[in-house]
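Trainee: I am new to this structure. Please pick one part, look at it closely, and then show me what surrounds it.

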Protein chains: 2
Amino acid sequence: MVGIIGGGQLARMCAPVAVNLDITLSVLCETPESAAGLVVPSAPVGDYTDVDTVLEFARDCDVITFDHEHVPQDVLHALVATGVPVHPSPEALVFAQNKLAMRERLTSMAIPCPAWASVSTAEQLAAFGAEHGWPVVLKTPTGGYDGKGVLLVSSPQEAADWLAHGEPLLAEEAVDFLRELAVLVARSPSGQAAAWPVVHTVQTDGICTEVLAPAPQLVPDLAARATEAALRIAGDLGVTGVMAMEIFELPEGGFVVNELAMRPHNSGHWTMDGSVTSQFEQHLRAVLDLPLGSPRPREQWTVMTNVLGGQDEDLYPTYRHLMARDPELKIHLYGKAVRPGRKIGHVNLTGTDLADLRERGRHAADYLEGTVRE
Amino acid sequence: MVGIIGGGQLARMCAPVAVNLDITLSVLCETPESAAGLVVPSAPVGDYTDVDTVLEFARDCDVITFDHEHVPQDVLHALVATGVPVHPSPEALVFAQNKLAMRERLTSMAIPCPAWASVSTAEQLAAFGAEHGWPVVLKTPTGGYDGKGVLLVSSPQEAADWLAHGEPLLAEEAVDFLRELAVLVARSPSGQAAAWPVVHTVQTDGICTEVLAPAPQLVPDLAARATEAALRIAGDLGVTGVMAMEIFELPEGGFVVNELAMRPHNSGHWTMDGSVTSQFEQHLRAVLDLPLGSPRPREQWTVMTNVLGGQDEDLYPTYRHLMARDPELKIHLYGKAVRPGRKIGHVNLTGTDLADLRERGRHAADYLEGTVRE
């Protein structure tokens, strides 16, 4: 039995592949309405920051993995102490939990990063801005996602509220980039690793809205170097399971790493319909130390478009319309209550005409959100 | 909520697609260990031949469909009387439940069938054999599957036990055929229909062991005529959901219909990895009267190989080995206790080299069964 801590959509999307492989899941959910809890028979509700709750949950599990990276280190270490395999390990996970630790480690590995510094005072921030130029990207080292915990500042004054807390912040140069790419890899405890093709993650307001797989017109050398970097990071950090490395492609060539995530990732949702092995199947195989599956794409292009909530709470009539309009559309809904702007699902399309796939994906997402009505 | 009567592997394989489409399932299971009951949160246990049990089960369902065709007609009619949509309807299902009714109906539609007759006595059987030649295929009109309920007899004497019951039997000529093919279609209550490519179902001892999709070197005219026949049958009989038509390809050209099934079917398991829309997704879409999805194959060839149980009860070490040997292998296990000869899963492989896919699929199935050990 694989125990997943966190009942969000990532845990939910592990359920279908677990059925096929006859792997039993148990999911520790935040609420009875958690996305994964609705579809997995064993879905206890509990607080993942509480050691006793987590240890109790883990008692019947052969391995523990995660829907998110927010389980505190002390809880993780208590888990490991019980002898249950935990993948990824707390030692690896810290680099996805703490962006300062991540920058330090990647820099020591000579992985290209934006210029960065740990800043706790206005003076330190001013010095960083003077050296690397304004605006500066400020990040809280822990807890951020989807653009939250990130502030673009043009002066130390604009960061006054954040600096007032006295905690170290991560300051990064605002990189001038061509586009954002992501490299998704998986690594098992035995050390086997596999990588999907590098994808283009199209961002709007700091949120990934669309993924093009593979990234169009990507220089093969850049793809190779980025993939090598991701595999090296996964190996050196001892990552187990799926790991996503988000990067910026630079105008002068090359790349710098933006973020790391150690779990199935939005940039990999295309694999559910576009690859022989989906990221969710690969994650389960990896954390169970089963041999990894082929990441080969099944078709020339796959386009994944995120679906955000709009005003309509009942999506059924909407997706009925879309199914009639486009029989090739693969709709994935997370079972979450619709709230404006909340990620509630995604759609995948595969084929040979990239522009056409993108247009159809965009239409379907907009239609589900309610911003287009035909 | 879609209610499925019967907790076998066909109901089980509906669960993954229900997750993606955010459709809630409830499955009336034979036992707490039923294949589907292990993976669906709502899985009451009850007797599908008991009217009260079935009506109670159906109370919260928006539509009722089936894992198998064995629900008695009186139970089906009691269900319909409550107003809940039942797909396929009892009026359609009778032609999958009763082979005599099926032969009569197809013959009246001028669908090609083997020569057949209803026989209750040795004299009638002798007359049929004299006209159409021996051996004669005898079938119990109801209850047969996977070669059960079928007897090949060379004289009325060999059928003495069966004839002793006094019930009418279906006598059919033993057709001399080139190969067995299957046509899988889906039809919704609104009348929309879709067909997958015609496949070759390779049979061993009356059990389908392998499916080649699409059927290699099939004459396009035969494919078109067989598909047209299946769609016409689905339409005329008012079939809703997935329907499989098994046919014999004749040496002189053309085909005759062997069997009809009104549910997802073993001959369609290749669609889980080989088609844009799997038969399980299509069945759910059809019974909910949602628009049907594209049956387009994703790759040139898909080979499905059935996995039978062997001596090993624990498949995990076995499939671990196979995953290492063949990263492209898609393993589907049904969560059933292993018994020698029992269908416990299947494997799918997709690609461009048919002979290679077949060899790899055969090896994987044999290895899981334990008949090869390398």
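**From a cysteine outward**

Mentor: By the rule of sulfur atoms within 2.5 Å, the count over all chains comes to 0 disulfides. Keep in mind that this is a predicted model. Our close look starts with A:Cys61, which is in no disulfide. Its nearest cysteine sulfur belongs to A:Cys29 and is 12 Å away. The cut-off is 2.5 Å, so that pair does not qualify as a disulfide.

Is A:Cys61 buried or exposed? It is buried, because its relative accessible area is 9% and the limit for buried is under 20%. Chain B offers another buried cysteine: B:Cys113 has a relative accessibility of 17% and so counts as buried too.

Now take the sheet in chain A. Three strands make it up, in the order β2-β1-β3. The sheet is open, and its pairing is parallel. Which strands sit at the edges? They are β2, residues 25-28, and β3, residues 63-66, both of chain A. Each edge strand pairs on one side only. From one strand to the next, the twist averages 25°.

Look at one of the pairings here. Strand β1 of chain A covers residues 2-5. It runs parallel to β2(A), and 4 bridges join the two. For a residue to find on the screen, try A:Gly3: its bridge partner in β2(A) is A:Ser26. What holds such strands side by side? Strands of a sheet pair through backbone hydrogen bonds, either parallel or antiparallel.

For the antiparallel sense, move along chain A. Strand β12, residues 241-249, pairs that way with β13(A) over 6 bridges. A:Glu246 has A:Glu259 as its bridge partner in β13(A). The hairpin of β12(A) and β13(A) has 5 residues between the strands. There A:Gly253 takes a positive phi near 95°. Strand β13 of chain A spans residues 255-261 and is mostly covered: 7 of its 7 residues are buried.

Chain B has a hairpin to set beside this one. Strands β10 and β11 of chain B, the latter at residues 207-213, pair antiparallel over 5 bridges. B:Thr204 is bridged to B:Ile207 in β11(B). In this hairpin, 2 residues lie between the strands. B:Asp205 takes a positive phi near 55°. Strand β10 of chain B, residues 199-204, also runs antiparallel to strand β8 of chain B, residues 179-187, with 2 bridges between them. In that pairing, B:Ala182 stands opposite B:Val199 in β10(B).

Last, step back to the whole of chain A. Its secondary structure comes to 13 helices and 16 strands. The C-alpha trace spans about 55 × 50 × 40 Å along its principal axes. How does the radius of gyration of chain A fit a compact globule? A compact globule of 374 residues would have a value near 21 Å, and chain A has 21 Å, so the two agree.

The cover fits into this picture as well. Of the 374 residues in chain A, 59% count as buried, and A:Cys61 is a buried residue of that chain. Chain A exposes about 14000 Å², and carbon and sulfur atoms supply 51% of that area. Contacts reach along the chain too. Take those in chain A with a separation of 6 or more: residues 24 or more positions apart account for 60% of them.

Key: Residues are numbered from 1 along each chain as its sequence is written. Chains are lettered from A and ligands numbered from 1 in the order in which they are written. This is a predicted model: local features need pLDDT of at least 70, side-chain atom pairs count only at pLDDT 80 or more; totals for chains, interfaces and linings use all residues. Side-chain values use heavy atoms; hydrogens and water are left out. Two strands pair if DSSP finds at least two bridges between them. Axes are lines fitted to C-alpha atoms, for helices over the stretch in contact, and angles run from 0 to 180 degrees between N-to-C directions. The radius of gyration is taken over C-alpha atoms; the globule rule is 2.2 Å times the number of residues to the power 0.38. Buried means under 20% relative accessible area, exposed over 50%, partly exposed in between (1.4 Å probe, protein chains only). Contact means heavy atoms within 4.5 Å. Accessible areas come from the Shrake-Rupley method with a 1.4 Å probe; for residues, only the protein chains shown count as cover.
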